[in-house]
There are 2 protein chains.
Amino acid sequence: MAALRCNVAAVAPVAGVARATAGAERAVGVATSGAALGKFLGLKKVNRNARSLPAPVTRVSQKGAVSTRAVAVETLEKTDTALVEKSVNTIRFLAIDAVEKANSGHPGLPMGCAPMGHILYDEVMRYNPKNPYWFNRDRFVLSAGHGCMLQYALLHLAGYDACTIEDLKQFRQWGSKTPGHPENFETPGVEVTTGPLGQGIANAVGLALAEAHLAARFNKPDAKIVDHYTYCILGDGCNMEGISNEAASLAGHWGLGKLIALYDDNHISIDGDTEIAFTESVDARFEALGWHTIWVKNGNTDYDAIRAAIEEAKSVTDKPTMIKVTTTIGFGSPNKANSYSVHGSALGAKEVDATRQNLGWDHEPFHVPKEVSDHWSKHLETGPALEAEWEDKLAAYEKKYAEEAAEFKQLISGELPAGWEKALPTFTAENPGDATRNLSQTVLNALARVLPGLIGGSADLASSNMTLLKMFGDFQKATPAERNLRFGVREHAMGAIVNGICLHGSGLIPYCATFFIFTDYLRPAMRISALSEAGAIYVMTHDSIGLGEDGPTHQPIEHLASFRAMPNILMFRPADGNETSGAYKVAVERRKTPSVLALSRQKLPHLAGSSIESVAKGGYAVSDDSTGNKPDLIILASGSEVEIALKAADIVRSEGKTVRVVSFVCWELFEEQSAEYKESVLPAAVTARVSIEAGSTFGWERYTGSGGRQVGIDRFGASAPIGILYKEFGLTAENVVAKAKEIL
Amino acid sequence: MAALRCNVAAVAPVAGVARATAGAERAVGVATSGAALGKFLGLKKVNRNARSLPAPVTRVSQKGAVSTRAVAVETLEKTDTALVEKSVNTIRFLAIDAVEKANSGHPGLPMGCAPMGHILYDEVMRYNPKNPYWFNRDRFVLSAGHGCMLQYALLHLAGYDACTIEDLKQFRQWGSKTPGHPENFETPGVEVTTGPLGQGIANAVGLALAEAHLAARFNKPDAKIVDHYTYCILGDGCNMEGISNEAASLAGHWGLGKLIALYDDNHISIDGDTEIAFTESVDARFEALGWHTIWVKNGNTDYDAIRAAIEEAKSVTDKPTMIKVTTTIGFGSPNKANSYSVHGSALGAKEVDATRQNLGWDHEPFHVPKEVSDHWSKHLETGPALEAEWEDKLAAYEKKYAEEAAEFKQLISGELPAGWEKALPTFTAENPGDATRNLSQTVLNALARVLPGLIGGSADLASSNMTLLKMFGDFQKATPAERNLRFGVREHAMGAIVNGICLHGSGLIPYCATFFIFTDYLRPAMRISALSEAGAIYVMTHDSIGLGEDGPTHQPIEHLASFRAMPNILMFRPADGNETSGAYKVAVERRKTPSVLALSRQKLPHLAGSSIESVAKGGYAVSDDSTGNKPDLIILASGSEVEIALKAADIVRSEGKTVRVVSFVCWELFEEQSAEYKESVLPAAVTARVSIEAGSTFGWERYTGSGGRQVGIDRFGASAPIGILYKEFGLTAENVVAKAKEIL
């Protein structure tokens with residue numbers, strides 16, 4: 001432990017704010033292993049005295065002094081401490097009461113994080129409660145989403161319409177604006193949807209990235225029209241999740257100085273004390289990731305330390321900052337504080353009473369003291385004023401920088417530039433065939449010229465996914481105005497960062513990329529895209545066994561089915577150039593629905609019957625020699641297998657039968673069509689149907705019907721050249737014909 | 001950067017082995033940012049001279065001296081350096097030639113890692129090439145699985161039957177034992193299946209955990225019958241993936257001292273220099289995670305440094321060790337070394353020739369010099385001798401510790417104890433209803449008494465997943481003989497660790513647990529379970545909107561369908577106690593197929609018609625008042641909806657129709673049944689069928705047929721109490737009856 005030998009210049013601790021060096025932090029880790037645990041549990045006694053004078057909570061090394069560094073404690077707009085205390089307790093009890101009424105929820109985090117929540121929403125953050133979508137607002141993400149009553153209470157005090165007292169009373173009820181975890185699509189004022197741990201901090205990285213990018217593109221030395229911070233509260237659980245490390249590594253790499261994360265270091269997770277599974281040094285890890293770190297030893301009552309830490313974080317402009325705020329989960333509850341029992345259950349009437357007594361809160365449930373509501377009411381004035389001030393700034397900017405202002409306003413309007421879709425390339429059957437991953441690159445680069453919001457990249461596979469925008473450079477610390485994102489091999493964070501970029505609400509249209517198989521790695525984030533109405537574009541290449549030699553670890557089988565089963569996500573598998581353009585057309589238009597494009601590694605021919613417009617129907621006849629909507633046979637296929645379906649159709653036709661080939665490029669879009677349209681493509685009377693797709697047959701019965709046949713792959717793939725694989729797995733025109741003959 | 005101010009006692013660098021402190025490592029990070037990049041590319045010149053005298057490669061700080069610490073360079077069994085060099089080049093060229101012949105693959109890693117590979121397999125590791133499954137062998141995991149030709153070349157030299165020269169010539173071909181990524185089920189000698197990055201190091205944590213656990217259970221002061229190391233080579237990509245941080249955090253927490261990871265620090269990934277996305281200090285991060293770290297500055301030619309580092313790693317028994325081995329990707333290729341172009345493509349004939357000339361290798365492809373094969377042939381003798389020695393030790397152990405030996409031999413035989421299944425609890429309709437998650441706990445605890453291999457735990461949800469084995473304590477650093485694993489909130493690593501425990505091949509039957517929704521977080525590892533034939537048991541509770549208030553972020557919808565579409569995995573959704581027992585019976589028996597148990601949070605009644613045996617059929621009539629296999633209506637359901645199906649059946653029966661209710665507890669098992677059995681359950685003549693399941697209807701057409709109806713949820717869930725959700729989503733007996741009437 002060489003670092004322990006360091007002679008760090010001794011600096012007197014100031015205001016409870018410590019800067020934990022790697023070495024010192026390790027000493028703390030040693031101290032808390034075992035010995036300190038018992039000590040920490042003793043906090044319950046401290047809490048009992050909270051009414052008279054809350055004792056500062058510090059967890060210090062028993063092996064050596066904690067090294068600290070003096071920080072400049074600048075005076076923020078400070079409120080009378082007694083009033084702050086009252087406000088903080090209001091937040092605590094709104095959370096306690098709402099959870100109690102619902103008899104469901106997580107009171108522990110709000111009780112512990114109320115002080116930092118108060119300081120953020122009352123003293124630090126710039127927002128307008130009358131317009132939750134004001135562009136230049138500071139963003140806040142509760143990565144530990146289960147503690148959402150903290151955020152609802154804060155939104156209530158700040159004056160957001162979505163969180164009236166009545167809304168708080170409807171916590172976790174059907175149709176309420178206060179669901180069990182924060183959901184941006186239900187609650188204006190909530191930026192992103194959190195709950196699945198670790199994703200929120202990655203969303204925050206995306207929000208901070210969007211700010212850094214737009215600031216670099218549009219700000220002028222004399223006009224900062226893009227200028228906000230991104231704050232995030234994350235917990236022990238978030239810090240255990242791998243995605244948070246991925247996202248933090250990227251944030252450090254990108255030097256996102258306006259990202260400020262407050263780590264609720266309460267040492268408790270659902271299974272009990274984090275000592276049982278989480279003994280790493282979080283501070284040292286974040287320092288290794290390139291973050292500035294600060295430690296607030298007493299996050300329960302040392303408001304000045306929290307204020308000073310945030311101020312210091314703001315002063316560090318080239319690195320994101322992680323403020324470790326040591327708190328007591330369930331602070332104030334005499335018998336449940338600092339234990340897992342307060343994490344995820346209502347306190348129970350008896351303990352609520354005891355907590356009221358302990359914290360001197362002799363109000364009825366859901367009470368907000370008048371001096372507290374009076375104090376917070378200022379935000380109803382300052383919020384609109386902040387927005388008006390910014391509008392003035394934007395107007396001045398517009399006068400000096402008309403062109404930039406026009407692009408900026410167009411962008412943040414969220415509307416697509418008129419005629420953008422004309423840039424989409426079209427193809428004829430005479431064009432030389434190509435892999436749809438290459439065609440995707442052509443489309444992306446065409447769109448980059450007409451869509452100022454297009455930004456994205458790959459998880460270290462840009463040259464395989466074909467996702468580089470050639471007219472732009474890399475978004476990097478020194479070049480944040482560029483638009484190629486380099487995510488490294490961090491798929492999960494990539495997806496959640498892209499969600500953050502989407503939900504920044506500034507007209508950015510992010511795409512991201514990896515091999516289709518590795519959607520497994522970012523699936524949790526893709527699901528949140530779908531749920532939270534984030535219209536991200538997932539460019540997923542190497543979409544089947546067609547990738548060949550890399551073998552079964554890299555060959556998707558069940559992936560198409562797995563996304564077709566997921567709500568609110570469009571799963572595209574284009575067969576050629578026109579379908580690739582068509583898929584992008586829908587993907588760009590649907591700003592509230594994410595799209596997945598499964599693209600081939602191998603070359604495919606351009607089809608005579610394809611078109612951009614047809615893709616919007618989801619499934620359409622790409623080839624048909626029947627009349628009267630009565631083909632003898634319908635062959636259904638997607639992507640690279642449409643070519644095989646067409647060959648099979650030729651064989652069957654040569655034997656005197658009529659055949660319709662349907663390209664099922666997007667099932668979800670087909671489902672949206674009218675019954676008439678569906679009947680025109682798949683007439684009920686025609687039951688001789690064969691599907692072919694290089695993936696699981698699961699689900700194809702929906703379109704082949706009970707009497708049909710499905711050609712696909714219901715086992716894992718194998719390592720071999722593509723031609724052999726297609727043959728061995730029966731993905732051939734001959735096999736389709738054979739299956740057809742069984743039912744013709 | 002307080003740590004930079006540390007005054008670390010200056011120690012002279014010895015043998016190229018540096019112990020990077022957090023501070024010093026950061027200095028290196030600074031140096032390599034930008035400036036050192038150009039410098040590093042200059043290595044190509046160095047490589048051109050490799051033939052005469054390979055220059056040591058070091059990447060040193062330009063801002064300050066790298067702090068190093070003297071390590072004791074103990075002499076391992078050392079081979080003449082010229083011969084080592086020849087062996088190393090043999091490995092390089094076997095990889096080069098195999099990739100060239102396949103015209104597909106990844107030559108860069110094997111060329112850079114050949115030195116550490118040689119030292120591991122020739123000098124360090126204890127194994128028996130004649131019995132790849134010898135229990136006490138050292139385990140090796142190539143987490144950077146794309147470099148598999150390294151492992152195949154090593155297995156070839158070591159004398160494994162699976163990797164003859166002919167096998168190497170069949171690299172990446174159909175049916176070969178040398179697929180495109182390492183696959184344990186294809187290649188004896190390969191321990192786990194890798195390729196999807198980051199999972200291999202987590203598998204290695206599982207292997208090391210299994211060793212630590214069994215050693216604690218069975219070793220005696222005078223008899224170490226369980227005693228091996230786990231080695232792992234991981235690359236930049238693995239270290240970027242979040243899962244590797246999760247796994248490393250756990251390994252540090254558990255103090256797995258016999259886990260030794262060699263980090264191939266080559267600074268190149270697919271998109272180019274890692275400077276574009278990966279500038280964190282990996283060493284400092286691992287130190288923060290509780291690992292011992294060592295830096296080998298020149299992994300290309302400094303064999304002694306590699307040897308000394310491994311020796312030092314072995315001497316640290318209370319922590320896992322991460323040896324950062326700085327290498328040059330594609331070492332020896334004059335024009336492609338140290339660039340992404342050598343990562344994932346064949347060198348091409350011209351560059352192969354240039355590399356041959358550069359490294360003085362004037363042999364035809366796939367040549368193994370006689371002195372190299374002679375040297376390695378010793379393993380064909382030492383290997384069996386090592387195993388024989390261990391067998392003797394085991395025999396001696398058996399004499400002294402008969403009872404323990406019997407359990408140990410039973411365990412590692414992989415066979416289940418006779419009559420174990422008698423411990424499975426059974427239930428009658430008179431038993432009080434319960435949640436299947438609780439019934440699962442009852443079953444797990446019953447099985448813990450009869451299955452000595454049962455070990456597992458939850459990702460911080462033990463008290464919700466109900467997975468604690470009450471008769472055991474926690475597996476922790478100080479108590480490794482215990483069997484409750486505490487994974488923390490690290491689902492992805494949990495899955496991969498469990499795969500490692502499975503594939504340790506010692507009869508351990510691991511289970512792991514989280515909410516069913518969070519299978520998304522560990523899905524990549526679950527897929528590897530299925531592919532690599534690891535019979536892990538996934539205990540997944542809170543299996544539907546039935547969990548209630550937590551809302552859509554926590555409510556599975558598409559998850560059942562997504563696993564039903566995945567090959568070689570059993571997706572169970574038991575309806576009551578007998579079905580829960582029955583699911584465990586199959587899950588335990590199927591040691592080569594993983595099982596997922598989706599379990600309810602809410603209470604369910606025990607059904608009169610359920611049984612353990614029926615579960616093995618996958619789907620069966622749980623209630624039927626028809627005769628002659630001709631019910632008027634068939635209602636299909638799973639899990640918690642079987643109760644609703646039964647109520648609906650009663651209503652329809654009350655109107656004079658006959659109804660069969662089929663519990664579809666596991667589709668995959670139903671698919672395995674004979675056509676006759678299937679017809680007996682779902683007679684083709686009966687087309688009036690309605691399915692009900694609290695999840696996506698996707699796929700149910702397979703069993704309802706085109707004429708049937710599906711009741712399910714094809715949107716996201718919502719936050720509200722369970723009763724309201726079931727009603728609002730139409731999961732009611734009344735709705736089933738209404739649908740039935742449409743088709744009756």
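Is B:Arg172 buried or exposed? In this predicted model, B:Arg172 counts as buried, because its relative accessibility is 1%. That is a good place to start, since the residue leads straight to the contact between the chains.

B:Arg172 has a charged partner. Its side chain meets that of A:Asp550 in a salt bridge, at 2.7 Å from N to O. Look at where each residue sits. A:Asp550 lies in the loop between strand E13 (537-541) and helix H21 (559-564) of chain A, and B:Arg172 lies in the loop between helix H7 (165-169) and helix H8 (199-218) of chain B, so the pair joins two chains. A:Asp550 is buried as well, with a relative accessible area of 14%.

Now move to B:His106. This histidine lies in the loop between helix H4 (81-102) and helix H5 (108-124) of chain B. What does B:His106 touch, leaving out residues up to four places away in sequence? Among its contacts are both partners of the salt bridge, A:Asp550 and B:Arg172. The others are B:Val99, B:His146, B:Gly147, B:His343 and B:Gly344. B:His106 counts as buried, at 9% relative accessibility.

Step back to the whole interface. How many residues of chain B are in contact with chain A? There are 111, and they meet 110 residues of chain A. The size of an interface is often given as the accessible area lost when the parts come together. Here the two chains bury about 9100 Å² between them. Carbon and sulfur atoms account for 57% of that area. On the chain B side, B:Trp174, B:Arg527 and B:Phe698 lose the most area to chain A. Together they make up 10% of what that side buries.

Polar and charged pairs also cross the interface. The count between chain B and chain A is 10 salt bridges. One of the pairs is B:Arg702 with A:Glu701, whose closest N and O atoms are 2.6 Å apart. The rule for polar contacts finds 52 residue pairs across the interface, with both residues at pLDDT 80 or more. Which element of chain B gives the most to the side that touches chain A? Helix H20 (residues 519-531) does, with eight residues. By class, that side of chain B has 46 nonpolar, 35 polar and 30 charged residues.

Next, the salt bridges of the structure as a whole. A search over all chains finds 72. Some of them lie within one helix. B:Glu589 forms a salt bridge with B:Lys585, the closest N and O atoms being 2.9 Å apart. Both residues lie in helix H22 (residues 577-589) of chain B. They are four residues apart, about one turn of the helix. B:Glu589 counts as partly exposed at 40% relative accessibility, and B:Lys585 counts as partly exposed at 24%.

Helix H24 (residues 641-654) of chain B holds another pair, B:Arg653 and B:Asp650, three residues apart, again about one turn of the helix. Their side chains meet at 3.6 Å, N to O. B:Asp650 is partly exposed, with a relative accessible area of 46%. In chain A, salt bridges that share partners join A:Glu123, A:Asp304 and A:Arg307 into one network.

What about disulfides? The search of the whole structure finds zero over all chains. Why do A:Cys113 and A:Cys232 form none? Distance is the reason. The closest cysteine sulfur to that of A:Cys113 is in A:Cys238, 11 Å away, which is too far for a bond. For A:Cys232 the closest cysteine sulfur is also in A:Cys238, at 6.9 Å, and that is too far for a bond. The cut-off is 2.5 Å between the sulfur atoms. A:Cys113 counts as buried at 0% relative accessibility, and A:Cys232 is buried with a relative accessible area of 0%.

Finally, chain A overall. Its secondary structure comes to 29 helices and 21 strands. Buried residues make up 69% of its 744 residues. Take the contacts in chain A with a separation of 6 or more: residues 24 or more positions apart account for 79% of them.

Methods:
Residues numbered from 1 in each chain as written. Chains lettered and ligands numbered in written order. Predicted model: local features only at pLDDT ≥ 70, side-chain atom pairs only at ≥ 80, totals over all residues. Heavy atoms only, no water. Contact = heavy atoms within 4.5 Å. Buried area = accessible area lost by both parts, 1.4 Å probe. Salt bridge = Lys/Arg side-chain N within 4 Å of Asp/Glu carboxyl O. Polar contact = N/O pair within 3.5 Å; in protein donor to acceptor, adjacent residues only side chain to side chain. Nonpolar A, V, L, I, M, F, W, Y, C, P; charged D, E, K, R; others polar. Buried < 20%, exposed > 50% of the residue type's maximum accessible area, 1.4 Å probe, protein only.
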